[in-house]
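Colleague: I would like to learn how to read a model like this one, feature by feature. Where should we start?

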Amino acid sequence: MASLVGTAPLHASETTNSAWTQPDTQTATNTTPSGVQITVTLSGPPEFQPRSPTKSLSETGSTPAMHGPGTNFPITIGALAVSTNGLGGATNTLPAAGYPNGTCGVTSTTSANQIRPCGTITVDFNHPVRNPTFHFSGLGGVADGWYASASHTFSGFNGITGSSVNLALVSGELARASNSGASSNCGSTSPPAACGSVTTNATLKTYAIRLNMRYDASSGTRYAPRYLNDGYRFQISVDQDFGDAPSGYDQGSAAGHVLSDLALGTGGAVTADLTTSFITAAPASSPKAGTSATGDTDNAFTSLPAVNPGSGPLTITVPVSGLSKNATLCGWIDFNRGGTFDNVNERACASPASGATSANLTWTIPTGANYVAGASFARFRLGYTAAQVQSPTGLADSGEVEDYAVTLNPMPQSGITLIKRWMNATPNNRVNLTITGGTSATSATSQAGAPDEYAVKATASGTAGTTITLSENFIVGSAVNYTTTFDCKRDSDGSTVSTSGNGLSRTMTMPNSAVTCTFTNTGPAPAPRTPGSLTGVKTCPAANLMNTNQTLQAGWNHNWPPNNMNADEGAKTDFITYSSALPGPGITYIPSNTAGVARLVDTQNAAAALGAGDYVDYMVRTGTAPVNKALYQIRYGVNNETQWVNGYPFTFTILISTDPTFATAQTILADQTTPFNTSGVYQPYTLNVPASSRFLLQNNTSYYFRVLLYATNAKPTDYDTAIWDDFAITTADCLTSTVRLAKSWTNGTAGHQASATTTGAINNNATFTSTAPTATTGTAVTVYQGETITLPAESYSGGATAALYNTTVACTGGATLASGATGRSITIPNNNTATTCTYNNAFVGPLTVTKTSAPVWDPANLTTNPKMIPGAYIDYTIDVKSPATTADSNSVIVTDALPSQINLCVAAVGQCTLPVRWTVGTSGLTCTYTSLASTTDDVSFSTDGTNWNYVPVAGAEGTDPAIRHVRVNPKGAMNPNSQFSILLRTLIK
């Protein structure tokens, strides 16, 4: 017999500290303080003794010292009471209580030192557990002349630990060391029962322990058969791992993990902590807490790299090992060095899958008060139960916790640039730009219209998270004359940085990258550059214009003095009046030293560029002659001779208005850039007007043209002069065609009247008025090619109503439209072929519809005098009669909505028939039913009365409850004064 007492240390740190739940005599469950769920089951004769009173190791004489190096093992609660229930037998053929003869108990052939099998103790954990410890108390006793002891064999046996009593490994069996004596109590001296603990060196989810009975020696006469039993206590404890950061990070509940298969790091090593005491809840602080977090010897990292803010998110790849299923990994960094880990701002989590060897944790590094540079700490937790691992404190039923010291490097400083933009500014207005809250700040003064207007900037540097204030203060001018806007953008990617405040002072939280912020001051809007729609002016819709004609010179010309027309101009009658250039306020044109060439000078702001308020106006007035004339081209001339040192290309926009003040106007051409003519001679240019601006010119109307002049960007610093010569407009014919409406009647009632007028035409809409039965042809009207014209519904009088007629309209000629409903539109094609649209009214006489119902079978009376009761089948008959007129072919449609209390038969099952039965009567119609799924027969079904593509499905009774509407569309023209019938069979619900 070899004793292994004291050969292995005890690393258990928690055990079951409550009574076990025992749903039956061979099953027991319990949970440790960390949440490890343990299920113990017995097989064979052994049973658990009743749980009440609560079982404990102390009942069989154990002391805390017998079960560990510490002195506080909980021996007063949390144990299981096991009974071997050994049964003997007189002979090898005599069974005992359902077990094979000789199982566990003594038989007539039992001899000293014999081991008899009893059964199995199976211990199952909710997660794999590393190196659990099993505690035994009270092994051994005497019965019927035998000294007997329960003995155990199990995998992963590591050694007996603690100050065990009379416990030894005997011939491979863990049992009582002494083979004499009859005590069942560890405190006895006769000799005592065996009490102590056994450590393991295996990581398993399920441990199977073989339970035997060892018969040591005879104390006298041997008796057989006998009931032999060893009753003892059994308890389980597991190891814990704790963090080693300063105790303040535990916040009154230390982070601890039950050792299991998964671990932080690549080697899977986890050191058990708290080896000399046992816990009943999370300790207030870790037993390994220290000022430098260096108490662990199995860390996944030798050290953590310093945190460098300002370079984007922080990602740490954490090595993991041993994952037998999906797990949760969380990490915390004390960014604000507050001495605790904050779940919201300082946590990052990942979900490594089974078999994973690493997982990435990513933090968004906070700024401002949430980030304090210096020495700090980090914590990592890995486990199977997410809710436990997602908290930086408290116990977990699996995995590992590791703490590290980490250095938080200072936030970098990034540049801040504040610039100014002026829009429609008053020249010489000035503001001072300042930045506060940063370092190395420089202010700047920006002057509207100055050559360096856009080069001036205020600068500073700022640390991420700090509050920066950016301001502008007027030195000349006033903020009330401007609308002020403000925005800040990151230099790196152009993304917007959020700001607060209004007016001339704004604040922002400095991001971790350089920013450029802009104050924009916008003065009163100048004459509209892109004005809205001009009331009363319409455009030519034709795709092509023809007969370019009627050019009017409406400005000065170097070949003729202002206010005079060339001979060819005077002969034209479309335009009877024109004006020479009318410069806007502050603009004058002066003759050049080259005959007839003029230049525009910005006298309002001679030191600055031409701006949005600089313009020249022209006017032309039509006479009575122009018909269907559209604006076609704008003609102008420029002369950029080298002698004009300030004459450079510029941008212009041309507006049209019927109001000399341009209160409402519309753009003809926008943002046109004059060519840079270096020939030194006059050069005319022609611009085609876009289709959207081909305005139709009305007779006897004055039109005003405004040329807005703008300096372009890439110029020398002084842009006060524009070389501009000649201005003319050219018209062209907007091509036309004709449209007329016609009317026909089919079986119209004498005296009934109908009329209609098209809509949508620019100038002329076709119309008709007709009295039945006489056909009518309306007057043709002139319309423009490309126009879209709508053919509306008719208006009725003389007793006519829309319900009495089927109305269709069709168009032939230039624009074609197939016969169909009114309300459609036509587009006049690009040719002059006339279009005629004919309305037809076909009289529709009212149909008479009668619906009757009759029961044909009920479950009580069958077919004998059946009643309309639930389960009864009802035939619905729909009779349709026509008036003394003939209906249009295929125009008869019968739609029936089924009452909610009935379902339609759709298959010949039981009392059900096919869905529709048809009686042609005298109607002359035909009705075809092919199948429920047919899309070409004359019967259709609907679930909502709108969609008629439903395919019925017959149930067990032959009905389909989904059908709520039936539609029948027989074919042919129904005879006058005729009749047909439709029969539907239904089932009352």
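**Reading a pocket, a sheet and a residue**

Modeller: Start with a pocket: in this predicted model, strand E70 (residues 939–942) gives the most to the lining of the second largest pocket, with three residues. That pocket has a volume of about 220 Å³. Of the 17 residues that line it, the closest to its centre are Ser934, Thr935, Val939, Ser940 and Trp948.

Colleague: How many residues of each class does the lining of the second largest pocket have?

Modeller: Eight are nonpolar, five polar and four charged.

Colleague: And the protein as a whole, how many helices and strands does it have?

Modeller: There are three helices and 73 strands. Of the 989 residues, 49% are buried. Among contacts between residues at least 6 apart in sequence, 75% join residues at least 24 apart.

Colleague: How do I read a sheet?

Modeller: Strands of a sheet pair through backbone hydrogen bonds, in either a parallel or an antiparallel way. Take an open sheet of three strands here, with the order E56-E55-E60 and antiparallel pairing. Strand E56 (767–771) and strand E60 (795–797) are at the edges with a single partner strand each, so one side of each has no neighbour in the sheet. From one strand to the next, the twist averages 15°.

Colleague: Over how many bridges does E55 pair with E56, and over how many with E60?

Modeller: E55 and E56 pair over five bridges, in the antiparallel sense. Strand E55 (residues 753–757) and E60 are also antiparallel, over three bridges. To locate the pairings in the view, find Ser755 opposite Thr769 in E56, and Ala754 opposite Tyr796 in E60.

Colleague: What should I look for in the side chains of a strand?

Modeller: In a regular strand, side chains alternate between the two faces of the sheet. E56 shows such alternation: Phe768 and Ser770 point to one face and are buried. Thr767, Thr769 and Thr771 point to the other face and are not buried.

Colleague: Now a single residue. Is Thr328 buried or exposed?

Modeller: Buried means under 20% relative accessible area. Thr328 has 9% relative accessibility, so Thr328 counts as buried. Its place is in strand E23 (residues 328–333).

Colleague: Which residues is Thr328 in contact with, leaving aside its neighbours within four places in sequence?

Modeller: Thr328 is in contact with Ala350, Pro352, Arg381, Leu382, Gly383, Ala386, Val389 and Gln390.

Conventions:
Residues numbered from 1 in each chain as written. Predicted model: local features only at pLDDT ≥ 70, side-chain atom pairs only at ≥ 80, totals over all residues. Heavy atoms only, no water. 1 Å grid on protein atoms, 1.4 Å probe; cavity = no way out; pocket = protein on both sides within 12 Å on 5 of 7 lines; lining within 4 Å. Points joined across faces, edges and corners; volume = space filled by probe spheres on them. Helix = DSSP H or I, 4+ residues; strand = E, 2+ residues; numbered from the N terminus. Nonpolar A, V, L, I, M, F, W, Y, C, P; charged D, E, K, R; others polar. Pairing = 2+ DSSP bridges. Axes fitted to C-alpha atoms, helices over the stretch in contact; angles between N-to-C directions. Buried < 20%, exposed > 50% of the residue type's maximum accessible area, 1.4 Å probe, protein only. Contact = heavy atoms within 4.5 Å.
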